[in-house]
Structure formats: structure tokens, C-alpha cells
Amino acid sequence: MTARIGVITFPGTLDDHDAARAVDRAGGESVALWHADADLKGVDAVVVPGGFSYGDYLRAGAIARFAPVMTEVVAAAEKGLPVLGICNGFQILCEAGLLPGVLIRNKGLHFVCRDQWLKVENTSSAWTSRFDQGAEILIPLKSGEGCYVADQHVLDELEGEGRVAFRYVGGNPNGALNDIAGITSANGRVVGLMPHPEHAIDALTGPSDDGLGLFLSALDTLVAA
Amino acid sequence: MTTTEIIDTVEHAASTPEHAQPYRELGLKDDEYQRIRDILGRRPTDAELAMYSVMWSEHCSYKSSKVHLAYFGKTTTDEMRAKMLAGIGENAGVVDIGDGWAVTFKVESHNHPSYVEPYQGAATGVGGIVRDIMAMGARPIAVVDPLRFGPADAPDTRRVLHGVVAGVGGYGNCLGLPNIGGELVFDASYAGNPLLNAGCIGALRVEDLHLAHASGTGNKVILFGARTGLDGIGGVSVLASDTFSGDESGGGRKKLPSVQVGDPFTEKVLIECCLELYREGIVVGIQDLGGAGLSCATSELASAGDGGMHVWLDRVPLRATGMTPAEVLSSESQERMMAVVKPSDVDAFMRVCRKWDVLATEVGEVTDGERLIITWHDQVVVDVPPRTVAHEGPVYHRPIERPADQDALQANGPEALPRPATAEDLRALLLRMVSSPNLASKRWVTEQYDRYVRGNTVLAQPSDSGMVRVDEQTNRGVALATDCNGRFCKLDPYQGAQLALAEAYRNIAATGATPLAVTDCLNFGSPEDPAVMWQFEQAIKGLADGCAQLGIPVTGGNVSFYNQTGSTAILPTPVVGVLGVIDDVTRRIPTGFGTEPGETLLLLGDTRDEFGGSEWAHVEHGHLGGRPPQVDLERERLLAEVLVAGSRDGMLSAAHDLSDGGLAQAIVESCLIGETGARVVLPEGVDPFVQLFSESAGRVVVAVPRSEELRFTEMCTARELPWTRIGVVDKESTELEIQGVATYALTELREAWEGALPALFD
């Protein structure tokens, strides 16, 4: 039996279809989850996809964290449910307190869409175990509020515990502190990143298929469990 | 004013025939106003006058262009119509692309708002075209944005460009539609009149096509989406001055800007809501609310159906207090749609809207009469035959006159312009050309647009055409390219329009797709200027005759007049969009060289000494005169057939159309996109300057894997398509060598090509 991975749709979510495609392509079974339902449908893991939930009005991710489904996600994550937040999903996980820090407006103030090289710095999390330590992967980045910032002690903690999952290489596109593109929770079950692995699952429609590694990692983790 | 003020009802209008109305200020001529009185047998009410004035405006009624647009119908044969499921007159054209799929596509202008308020003008331009596509029952799948601005170094260009690009991106990115192409052109003629053209493609199953109509007595009319406010009431600015106090002290409100304000989040939710309504099969007819708002939607829906319509206007949810019926009818508030639904489906309709938190209100009913009747708190404020509002507006035969200086313009050719004399001159010229604003990399702009969302983008800028996969199982997809060289159109609008068509057609074929259908966005100066009308008439003839020759129909389009500053019109700019179909997107042809280990470069087509209207004459000499390049549509068709056959048989590893900037530009771009070096050997006995910079049409440079070279060249020879071997790709090299002219490090070229726009706009 294959793992069932939920993909949440909020009003304004854009990349839910892509995230579901990536789950299925990796060999999992994607399950649609609806923001207004406090029901995770018994899934084994959750992806919070990209987009502009609730228009990103007020502040990116700030409204979505109050959705009924997020209450369930937070509770389940605390018990070890693997959760991946991509772009707006990363912002939502930060707002929900599952990951530390916050994403602010890009340094150049423009929305940036480009193929971005990332270095994989942590291969022990639920979403990164398939990668080799130090591997460089090419993943699309597309965001206007992708600049990761946190207090110095948080940065020290992330760096000290090896919780920086992905770092920008070949130029920092948005001013993120320590070139941080993605981080993990202390237990390695929750990962958030700004670039979009679900857009890099096939060289036909993306710059590479490097993004599949995150979804394959989760399936490995779930099978092993 | 307050709501207690007397409402101008039909009864009141009938009893006060002498009441003076501000019809002239609303843009109506004396005879037009008289015609309205004749149609109604009385004076119109304020609300009726508002409706007629906006619907009979140039923008809505096409009164100056109608007689010319008819030429498209006359030149479209049944054979060309074979794949057309809907054409001119619908919200957007629809074509059958095979496998049970249909595609709808259209390009519209939002030029004037984008000058006044660049961000919102551009944003709502994108929003408007997306709703047009939705109204056909399709899921929008991609957008494109042909843009034109004043000189790149003019201070105001910076203001307009920053706002427009941020607006296109801000709205499109938030809607979740990949931006797959467009244009970026700078010319002094657009300084006071930037062009924001926005295109959208939508896909649907053939059986799901929804045409806007309101049939079936007793069916309910539902307005859904955003509330109606005071934004975008441009057409009624004078009625407004009657009723608005113009300041807060008069008990009224401040006039809101006539440019609408967009909310992409609401539109995204509206898209998903509409698609779910379509899936449920509970929509009889649907219409988007764009220009002219409810005036347009109610009169068009009613006149396309088989009965009349009653609308209770006071039920429309408002976001401002004290709005008059005329204001409610004229508001251009964004993100609204109107649907006709069977009474038994209304509950299901409302349930879907609630799921998406979309406000939906039953505002009317289809009746068995022939009148559109609109009431306001039980008082009749509109009682009209809807066709007279929507379709039977005035038609003008504007005076047409070939400009007096057209001969002098054509006589002033580029022959006398000094050309580069030495290899050193040529070397420097190439760098100046690739770093000039019109030829430089558009990355500064396109990097602000999401091209990945929905995961079906196969090609996007800087490819020759944007391409998206429509069916994930079969890999069937579509490509869209938009082009226009306004300088060529100025020199000869007939030929210029054909060159625009030829270029877009070629760009489709250069990616391996087969051209299928055409849309246009005709941007011109004032129709009241006979010289402009001559340009317009010539361009339409050229485009229509060209389409007939190529055998692909024009399925729809848009006209934008009055693009001028004082008496100076913009360059005539008939933007032509060609849609192509490809049965398997995995065989797409990329633009960058170097995807195969060893590649030969071939130039297909003939190069002539053609510099009239060229980028070289523009950049180096600020010169515009002479004749545009020759156009040979039979050759274009042959070239396209060879490219598609080459793609189908796996003989081509890259292709790039030659247009602005000629061969030099194409080779530089394909090397930089492919991140590879190349050695170019120009044919002997010809002037290298002409070879490198001429803008002769009907040419493409292709990269052919060594193993396929013989097979491909034999095919070209057999089909009598001229080809010339001009070099090889060298993956190991970091240089572009043009033998006998110059050698460039790729880093030097990249800095010139990619550095120009950031230097201007960062």
C-alpha cells in the first residue's frame, strides 16, 4: 500500500495541482484537503502548497494559519506527521509556529521567477533523505516575499543543529539571511522552503527533475516507519 | 445627493420630453441622441442614456471599425472555418485542436488606463481578458503581454514600465496563470500612449463550450463575484458631475478614479467557482462584466437570447452608498460575472458560490417579452429593446485618405545611411545592437512573471513562442506568439500587417507547432484622422488577405483607437497573435543551441539587402523611411511545413526566427540561451553587414544534429526551400566566432545582452 499524502487547497492556493502531480509522480497517492474542513482524511503526510492564500492580504500566510485544516496540521505535526511547506506553504508554517523565522519582501522588491541552484545541507529530515549531503539541485524559485529572516539566536540554533535544509548557491536571489532557502523543524519532520520542487519533476516542464527527491524522501520515510 | 432624490423613471422621462440631457458630454453626437429618442419614442431616462452612451462608445460598439472588420468575414472561406467553433462577435474565438479539446484565445488592449495608472491599468487588463476566456467555459491556462513604451531612457517610461510590469505580474502571478510570452518594444511614438495588450489562452472540452445567451423564460439571472462600486465610471463622468458634488461637502462623495482597481484573489476564487459551476452543468449562459459593466452584460445576454429580461437593479450588492441606477449600470468594478441559470438549479448554483465564498445574487429573470426592463425599487428606469443597445449602435464610414507624406516617407530609403566599413566597425556594431533596448534580453521583465505555475509550461520567453501542454495523457499542446513591427506598418500598413502575421506564424513553426488560427489587437491613432483610417483599412486588408493566403482564420480581436498625443498618432500597431497546435509537446524545438553533441547551423530562406524600418536604421541612425522587407507568404508556408516536418522526424535540435536585428541577433540569442559557443562562416561573396543585420522575412536559423544534416538538407532541396550552411555549434567553446568579422567571449555578449535593461530600470 502506498503512502497517502494530503495537499491542502486554500482560497488563493495556486500550486496544489502541481504538488498533487509531484506526489503521484513520485509514487504516492495525493489526497485533496480543503481549508475549511478540520479533517486530514487520515493521510500519512501533508504538503502545504504555494500560491497566495486569501490573497496574502495582511501578510503572507497570516490568515491561512487560522484555517480549520491548519489546526489539525499543527496538532498532527507535533505528533510527528511529515509536513512540507512550499513557498506560501513555508510562510504559513512559519506563521503557524511549526517553523521559526519569517519571510519578508525580497531585497530587490520585485517578484523573482528564476531557475535557482540550491545546496542540500541536511539529508536526515523526512523530506531530504534521498539527497546526498552537499548535492546541488536546480529548482524554480518564484516569489515576492521570499527573504528568510530570524533573530540571531534562531539562526545560530538552526545552523548549530544542522537544520538549514537548503541554501541558495550561485547568488542570493532575495536577501535571505545566511542564504537560507529552506529549513527543518527540530525533529526533522517539518520542512519549509521557498523554491518549488513540485515544478522540477520533469525536464519537459521544469529545469530538472531534482524536485522529485523531496517527495521520494517522504515516501521512503513513511515506508520505513 | 441622497437616495430620496427623484429617480428619473421611464414614466418621468415620457412626461418631461423637454428635459435637457448631457448627452454630448457623454460622447453622443446630436444625431445619435436623436436616434435613441426615435427608438424609444421618448427621451431616454438617465439610466438609459448611461447605457446607450457607453454601449455606443467606440470601445464597445466598434462604430468606426465595423465596416472594415467585415472584411475578415468576407475573406474567410468555409475551409478556414472548419476548425472554428466560435468566431468574431463572441467573447473570444474558439478552435478545435483535436483529441476532443478546444482552445479559446484573445488579445485585448488596456492602453489608456495603463498610462493614467500603470499598475492598476495593467492588472485589470489582465483580469479582463482572463474573464473573457472564462466566459467561454474554458479554464484559463496561460497569459501573454505584448507591451510598448516610449524611449527606454525617457523619465516617464520608467514610471509607466515599472507600474505596468508590476501590475501584469502582480495580477497574473496571483491568479496562478503562467506568463509564457509577449513583446517589449520602445519607440518615441508610444511616449504618451504606452500599449498594454494582454492575451489569454483557455482550454476546454469541445462539448463544454458556453456561449453567452439568456434563453428560457423564467430562468434566473445571477450576478456573482465582487460588489459593485464607483470605480471605473469613466463614460459617465458628466452624469457624474451632475450627481456627484465633486467634493465631500456637498453630501456626496469624491469622484473615484476612472481606472478600475483589481483584486486578483477575488478573480482566482471566481475562476475556480466558475469551473466548478461548469462541471456541475448548471450554467445556461454566462457573460463577464468588463467595459460598460452591467449595461453591457444585461443588454448582450438579453439580445443573444430568445426573450426579454427583467433586472431588479436595487438587488445588486453595492460597496458604496447612494449610487444611482445610472452609476450601478455603468460601474466597471472588476471580478464580476453574470450567469443565466434554470430555477431548479439556483440552489445548487448558490451552494457552489458559498463553497468558494463568492457573493452571488439573483438580480433578474428571463421573460417572454422582447424588452430589457430594469427596475429600481419597483420603478421602471430602463425599458429598451436590448439589441438596440448591444448591437445596433451607430456605424460610421469615416473618411479615409492616404497620408500626404506617405510617398516622401517611402522615398526616403535607408540606402544613403552610412554602413560599417571595417571588421572592427562590425564588431562594435553587433555589441551596440544586442544591447539596444528593443533587442536586449527581456529577462528583467519576464523574471517578474511566474512561468511555472500549473506545471504545463513547455516553452516560455525567450522562446520564439510560448507553449503549454493541454493534455497530460496525450501530450497535446498549444503555442502562442504575438508580433508586430510598428515601423514596418508605418512604412506600409498593408505589408506591415502581413509581416506581423508572417513573423508570428513563423515563430509558431519554429517551435515545431502547426499554425492554426489568428487573433489581433489593432492599436491605432484617432479614427477621426483620415490618415489613421487609411492605415487601419490597409492593415486589416493586409492581415485578412494574408490569413486567406495562409489558410488560417482570424477568430477574434480587439480595436483600440485614439492612441495619440495631440495630433501625433502612435506607429500603427496591429499586434497579431497566432495560435498553433502540437500533437506531442515533447518534440518541441527549443531556441537555444547545443542540446545535441554536434550541430550544424543552417540558414533557411533568402537574405536580401533590406533595411527600411530595420532595427539597425533605428538604433544607429534614428531613421525611419523606405520600404519594409518583402513578404512572401507562400514561402512562409513552405518554411513552416519544413520546420514542422523536421520537428516530427527529430531532425532539428534548435530553431530561431530571424526578425528584429537579423541573423546576428538570432545567433547571439541562441548561443546565450543554450550557453554554448559557435563558429559562424558567412557565405562568400556577400556583404557581411547585410548577412548579419538585414531583416529579410521568411528566414529561420536551425541547428541540425550532424547525423540528420544530409536528410534535412535533402528535404529542403526537394521542397525548394533555399538553405545555406553557416557554421557549427561548439559545446566546448566559450566563444562566438564570426569568421572574418570578430570573435566574442560569451561573457562579453551576455553582459551586453542581459545588462542593458537592468542598467536602465534597476
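A crossing of two helices is called right-handed if the near helix is turned clockwise from the far one by less than a right angle. I noted this before opening the model, which is a predicted one.

Entry 1, a helix pair in chain B. I looked up helix α5 (residues 66-75) of chain B against helix α21 (residues 530-550) of chain B, and found that their axes come within 9 Å and cross at roughly 10°. Because angles under 35 degrees count as roughly parallel, I recorded α5(B) as roughly parallel to α21(B). The crossing of α5(B) and α21(B) I entered as right-handed. On the α5(B) side I listed B:His68, B:Leu69, B:Tyr71, B:Phe72 and B:Thr75 as making the contact, and on the α21(B) side I listed several residues, including B:Phe536, B:Ile540, B:Ala544 and B:Ala548. Sorted by class, this contact of α5(B) with α21(B) has eight nonpolar, two polar and three charged residues.

Entry 2, a helix of chain B taken alone. I checked helix α8 (residues 118-134) of chain B, whose 17 residues reach 24 Å from the first C-alpha to the last, close to the 24 Å expected at 1.5 Å a residue. I then looked at burial and found α8(B) mostly covered, with 17 of its 17 residues buried.

Entry 3, where the chains meet. I found 23 residues of chain A in contact with 23 residues of chain B. On the side of chain A that touches chain B, I noted that α1 (16-26), β6 (112-120) and β7 (136-143) each supply at least two residues. By class, I divided the residues of that side of chain A into nine nonpolar, nine polar and five charged.

Note on methods:
Residues are numbered from 1 along each chain as its sequence is written. Chains are lettered from A and ligands numbered from 1 in the order in which they are written. This is a predicted model: local features need pLDDT of at least 70, side-chain atom pairs count only at pLDDT 80 or more; totals for chains, interfaces and linings use all residues. Axes are lines fitted to C-alpha atoms, for helices over the stretch in contact, and angles run from 0 to 180 degrees between N-to-C directions. Helices (H or I, at least four residues) and strands (E, at least two) are DSSP runs, numbered from the N terminus. Angles under 35 degrees count as roughly parallel, over 145 as roughly antiparallel, 65 to 115 as roughly perpendicular and the rest as oblique. Two residues are in contact if their C-beta atoms, placed from the backbone, lie within 7 Å. Ala, Val, Leu, Ile, Met, Phe, Trp, Tyr, Cys and Pro count as nonpolar, Asp, Glu, Lys and Arg as charged, and the others, Gly among them, as polar. The expected span of a helix is 1.5 Å times one less than its number of residues. A residue is buried if 20 or more other C-beta atoms lie within 10 Å of its own, exposed if 12 or fewer, and partly exposed in between; C-beta atoms are placed from the backbone.
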